[in-house]
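Welcome to a short set of worked exercises on reading a protein model. Keep the viewer open and try each task before you read its solution.

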Amino acid sequence: MKYVSTRNAENKVTASLAIAEGLSKEGGLYTPVSLPVVGDDFFRSLIDLSYQERAAKIMKLFLDDFTEEELAEYASKAYAGFDGPAPAPVRMLRDGVHFLELWHGPTCAFKDMALQMLPYLLTASLRKNGEQKQVCILVATSGDTGKAALEGFRDVDQTRILVFFPDHGVSAVQQLQMTTQRGKNVGVCAVKGNFDDAQTGVKAIFSDAELREKLSRKGFFFSSANSINWGRVLPQLVYYISGYCDLVRDGRIAYGDRINVCVPTGNFGNILSAYFTKQMGLPIAKLICASNKNCVLTDFLNTGTYNRCRDFYTTMSPSMDILISSNLERLLFELSGQDDGYVRDLMEQLKTKGTYTVTPAIKKALDDDFAAGFCDDEKTAVIIRDTFEKENYLIDPHTAVGYGVWKEYAEKTGDKTPVLIASTASPYKFCDNVLRSLGETVPENASVELFGQLEKRTGTVAPTPLRELAGLPVRFTRSVEKEEMISAVSDMLN
Ligand SMILES: *Cc1c(COP(=O)(O)O)cnc(C)c1O
């Protein structure tokens with residue numbers, strides 16, 4: 001199976017090269033030339049397997065330069081540190097409403113599902129391509145990717161990892177998680193700007209030929225741990241398929257029944273993974289795309305026009321405070337019949353004018369697969385409180401956005417299809433806003449000090465990796481202007 005760049009259909013590479021490079025040289029995203037066709041029995045054959053076994057079999061379909069034994073080994077190592085009996089359990093709230101809990105990993109957000117796996121895939125990809133240089137992984141984070149990538153790549157041979165996060169754009173717990181990161185090969189830096197500024201800066205560094213050349217002489221090359229890397233997207237396919245199998249195994253649905261999947265999204269990475277499983281034949285009816293007040297995706301899916309020229313809001317679901325959704329590019333490539341010229345043109349319009357409109361045929365295809373809505377902070381707070389008080393389930397603000405959007409969708413359409421909602425973070429990562437939603441008074445900028453209050457209020461327990469933060473020294477305090485990101489990279493590599 002080959003991977004093709006969304007901006008140059010001539011550029012086709014193996015899976016391991018797509019993962020090693022992260023982003024293609026012309027700035028495109030590598031995406032499968034064709035999705036694996038699986039028979040009706042493929043998903044059935046996974047029902048009685050563990051998550052790790054399911055992961056190896058699913059990833060093997062996409063990674064033909066890896067063996068199933070290799071992938072099984074990576075899966076068993078990657079998910080060994082997760083708490084609880086399964087890495088991504090399904091929690092039934094009531095009949096027909098299920099949450100796929102994706103935050104039982106070491107950094108307590110769904111990014112661990114892929115970023116605990118990516119280091120194995122990436123280092124194996126380097127070996128398979130005879131790459132001797134050190135890979136320097138650059139990450140722009142809206143809060144959770146940075147910590148998950150740092151934790152995944154900490155002290156991994158032949159790798160360096162540098163994370164940029166928006167100053168004042170992440171939660172206090174998220175910031176503490178990153179600035180206290182341990183490890184010899186890690187670096188963390190704040191950027192004066194928002195996530196889009198950080199992501200644009202990282203992409204510019206990627207395509208800076210001079211810097212690339214300079215670092216190459218020093219024995220480094222760049223790669224990405226953002227969801228522009230296929231190695232991030234693929235492990236995320238696994239949990240949607242696994243969630244479906246769990247629903248069948250536990251008798252919630254019959255094999256072949258269709259479900260809806262609802263995903264709180266920002267960069268469109270998580271919901272794109274769900275889309276790919278639908279294309280593979282997983283019985284998904286609607287993909288429900290949930291945004292916060294930065295509802296650029298809601299508007300796009302409802303109108304066919306993407307327009308990033310709008311106010312940017314800092315919300316209580318910071319990991320979705322994004323106006324430029326990178327992974328939408330992969331969807332546009334698919335829906336246009338892999339028309340690289342068309343995608344290049346749209347991306348150019350996005351860069352120069354800040355907006356583009358898709359063709360009526362693509363709009364129709366979007367309508368067939370997707371529904372979309374958004375939830376502002378006020379409504380998110382009500383959802384958190386109601387879900388806890390009436391349904392006895394404590395959810396984080398991102399998950400609450402998903403639940404809120406699904407509720408509105410179900411009321412409006414009368415659609416009774418069972419739903420699987422992606423639960424993307426532990427509520428303890430957003431302790432301050434969760435407590436406020438529950439009606440508690442909370443000081444500004446407090447983080448770990450609040451865990452006890454949330455535990456007492458809700459009778460839940462803070463995850464161990466978050467509790468341990470309280471005793472760790474802060475190692476990284478640097479904050480730079482956007483224009484200084486390049487020199488920050490050079491400094492960190494010296
Ligand atoms: C990253 C993140 C999201 C959004 O995921 P995308 O892949 O960017 O769509 C949602 N919730 C949480 C908690 C996250 O960390």
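**Exercise 1. Find which atoms of Lys-111, Gly-266 and Asn-267 approach the ligand.**

Step 1. Start with Lys-111: a polar side-chain atom of this residue lies 2.6 Å from an oxygen atom of the ligand. This fits the cut-off for a polar contact, which is a pair of N or O atoms within 3.5 Å (within protein, one must be able to donate a hydrogen and the other to accept it, and residues adjacent in sequence count only if both atoms are side-chain atoms).

Step 2. Turn to the backbone. Gly-266 places a backbone N or O atom 2.9 Å from a ligand oxygen. For Asn-267, too, a backbone N or O atom lies 2.9 Å from an oxygen atom of the ligand.

Step 3. Widen the view. The ligand is surrounded by 15 residues, and the closest are Lys-111, Asp-144, Thr-265, Asn-267 and Thr-424. Here a residue is near a molecule if one of its heavy atoms lies within 4 Å of it.

A word on the source: this is a predicted model, in which local features need pLDDT of at least 70 and side-chain atom pairs count only at pLDDT 80 or more, while totals for chains, interfaces and linings use all residues. Residues are numbered from 1 along each chain as its sequence is written, and side-chain values use heavy atoms, with hydrogens and water left out.

**Exercise 2. Count the cavities of 30 Å³ or more and describe their linings.**

Step 1. Get the rule straight. On a 1 Å grid over the protein atoms alone, a cavity is a set of points where a 1.4 Å probe fits but cannot get out; a pocket is an open set with protein on both sides within 12 Å along at least five of seven lines; lining residues have an atom within 4 Å of a point. Grid points are joined across faces, edges and corners, and a volume is the space filled by probe spheres set on the points.

Step 2. Count: there are 2 cavities of 30 Å³ or more. The largest cavity has a volume of about 260 Å³. Its lining has 26 residues, with Phe-110, Lys-111, Gly-266, Asn-267 and Ser-319 closest to the centre. Helix 7 (144–153), helix 11 (230–249) and helix 12 (269–280) each give two or more residues to this lining. Helices are DSSP runs (H or I, at least four residues), as are strands (E, at least two), numbered from the N terminus.

Step 3. Sort by class. The lining of the largest cavity has 9 nonpolar, 14 polar and 3 charged residues. Nonpolar covers Ala, Val, Leu, Ile, Met, Phe, Trp, Tyr, Cys and Pro; charged covers Asp, Glu, Lys and Arg; the others, Gly among them, are polar.

Step 4. The second largest cavity has a volume of about 40 Å³. Its lining includes Thr-265, Gly-266 and Ser-291, and by class it has 4 nonpolar, 6 polar and no charged residues.

**Exercise 3. Describe the largest pocket and the second largest pocket.**

Step 1. The largest pocket holds about 680 Å³ of space. Of its 26 lining residues, Arg-7, Thr-200, Lys-203, Met-347 and Lys-351 lie nearest the centre. Helix 9 (195–206), helix 14 (328–335) and helix 15 (340–352) each supply at least two residues. The lining divides into 9 nonpolar, 7 polar and 10 charged residues.

Step 2. The second largest pocket has a volume of about 430 Å³. It is lined by 18 residues, and Val-170, Ser-171, Ala-172, Asp-432 and Asn-445 are the closest to its centre. Helix 19 gives the largest share of this lining, 3 residues.

**Exercise 4. Is strand 15 mostly covered or uncovered, and which strands pair with it?**

Step 1. Strand 15 (residues 419–423) is mostly covered, with 5 of its 5 residues buried. Buried means under 20% relative accessible area, exposed over 50%, partly exposed in between (1.4 Å probe, protein chains only).

Step 2. Check each side. Val-419, Ile-421 and Ser-423 are buried on one face, and Leu-420 and Ala-422 are buried on the other.

Step 3. Look for partners (two strands pair if DSSP finds at least two bridges between them). Strand 5 (residues 97–101) pairs with strand 15 in the parallel sense over 5 bridges, and His-98 stands opposite Leu-420. Strand 10 (residues 259–264) also pairs with strand 15 in the parallel sense, over 3 bridges; there Asn-260 has Val-419 as its bridge partner.
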